[in-house]
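User: Could we go through this model together? I would like to begin with the ligand site.
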Amino acid sequence: MERFLSADAHNYRPSAIRAFARLINDPNIISFAGGVPNPETFPAERMAEIAARVIRERRNVALQYGPTRGLPRLCETIAAICRGRGVERGVDDVIVTTGSQQALDLLAHTLLDAGDVVLVELPTYIGGTASFHARSAVMVGVEQDDDGIVPESLDEVAARTKPKLLYTIPNFQNPSGRLMSRPRREAVLEIAAKHDFLIIEDDPYGELLYVDGADTTPLAARDTDGRVIYLGSFSKVLAPGLRCGFIAAPRALVATLEIAKQAADLCSGMLDQSIVDEFCAAGELGPQIARVRDFYRGKRATLIAALGEHFIGRATWTAAAGGLFTFVTLRAEVDTANQVKEAVERGVAYIPGAPFFVDGRGRNTMRLTFAKESDERMREGVRRLAEVFA
Ligand SMILES: Cc1ncc(COP(=O)(O)O)c(C=O)c1O
């Protein structure tokens, strides 16, 4: 079969994280490894009611093919969500996608030729790099510190590599949990204008904010020359099984993305869209987001406190004022991939950090999520991790 595969197919990369699914689901293992929301946050009863109603009463919509751009009222809602975040987009500037993952895939298809350079953060989201790899793009890493992308690094790398685009996750990044500061966001926009590249701003975590005073205003809100392509998702605030995300971008690009999406799936699932649409139209998204924040706020504090207790002076970790993750950096000589087996034997799991770095570093890092476990199990889990890395 090999000889029939396309050149792009030879560049497909399997997810280094999906390989850990088994560990994440074993109840005997305290898992910091998952990258998924906690099912307790899903408004299941409300969704069941809405689903039953739209199936019975609106079968011509919920069970039918729909517009490629998405349910019209949902597109209005999404445009309003964007405006609420300061991103001035109208209904003609948005397209619903089958999760924001599809947005990444459609953008990769629409914008990239083989060999084009995509700048990505060090570290970055593996699903993003998977989409760019699948178009045979060349990924080049840009340094981050606790305030996000380091402007000098971005400027230097852009001058050297002439990128077509930058992929960034400014709000509570997966995997690092970092929040890009406001001055850094402005610097990134300036550097993009200077070197004339596009920005894909992926923002699935911006609403998951647990501390006061964090400025999560998207880069897209300050984009004056139509350079920022803004991605959002209902996965982390509602439920990822609904596969509902969106792109808000300059109108001409959205028109081309619509054609790409016709070829990909005609339209995103209409039942999923109907549920999200009805939920939002009933005014329930705001209260739901507040509940999700309340759910994770204490968990985040517990994990950070436990790290303080067991790893102070032996590791550093990100403050993770929002999102689902903190990222731990251990002594330079540690390779977290080598310790996974021992950790699992001790009944604790994490994700080694190296796969999130396109330049092969990060061996001494790991990603921990506070989404899954109870406070008690997290404290015990960190105690076990401390033994593993003693
Ligand atoms: C940064 C980032 N982007 C995109 C996605 C994909 O989300 P979805 O396709 O469910 O919207 C994820 C999921 O974990 C993510 O962390």
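Analyst: A definition comes first: Ala, Val, Leu, Ile, Met, Phe, Trp, Tyr, Cys and Pro count as nonpolar, Asp, Glu, Lys and Arg as charged, and the others, Gly among them, as polar. This is a predicted model, in which local features need pLDDT of at least 70 and side-chain atom pairs count only at pLDDT 80 or more, while totals for chains, interfaces and linings use all residues. Residues are numbered from 1 along each chain as its sequence is written, and side-chain values use heavy atoms, with hydrogens and water left out.

User: How many residues of each class are in the shell around the ligand?
Analyst: The shell has four nonpolar, six polar and three charged residues.

User: And which come nearest?
Analyst: Of the 13 residues around the ligand, those are Ser100, Asp202, Tyr205, Ser233 and Ser235. A residue is near if one of its heavy atoms lies within 4 Å of the molecule or strand concerned.

User: Which helix gives the largest share of that shell?
Analyst: Helix α5, residues 99-111, contributes three residues. Helices (H or I, at least four residues) and strands (E, at least two) are DSSP runs numbered from the N terminus.

User: What polar contacts does Ser100 make with the ligand, and what about Asn174?
Analyst: A polar contact is a pair of N or O atoms within 3.5 Å; within protein, one must be able to donate a hydrogen and the other to accept it, and residues adjacent in sequence count only if both atoms are side-chain atoms. A polar backbone atom of Ser100 is 2.7 Å from a ligand oxygen. For Asn174, a polar side-chain atom lies 2.8 Å from an oxygen atom of the ligand.

User: How much of the ligand does the protein bury?
Analyst: The protein buries 93% of the 400 Å² that the ligand exposes when taken alone. Accessible areas come from the Shrake-Rupley method with a 1.4 Å probe; for residues, only the protein chains shown count as cover.

User: Turning to the backbone, where are the cis peptide bonds?
Analyst: One runs from Leu122 to Pro123, with omega near 0°; Pro123 is in the loop between β3 (117-121) and α6 (126-133). Another joins Asn174 to Pro175, with omega near 15°, and Pro175 lies in the loop between β7 (165-168) and α8 (182-195).

User: What is the phi of Arg243?
Analyst: Arg243 is not a glycine, yet its phi is positive, about 45°. Most residues other than glycine have a negative phi, and most peptide bonds are trans. Arg243 sits in the loop between β9 (228-233) and β10 (245-248).
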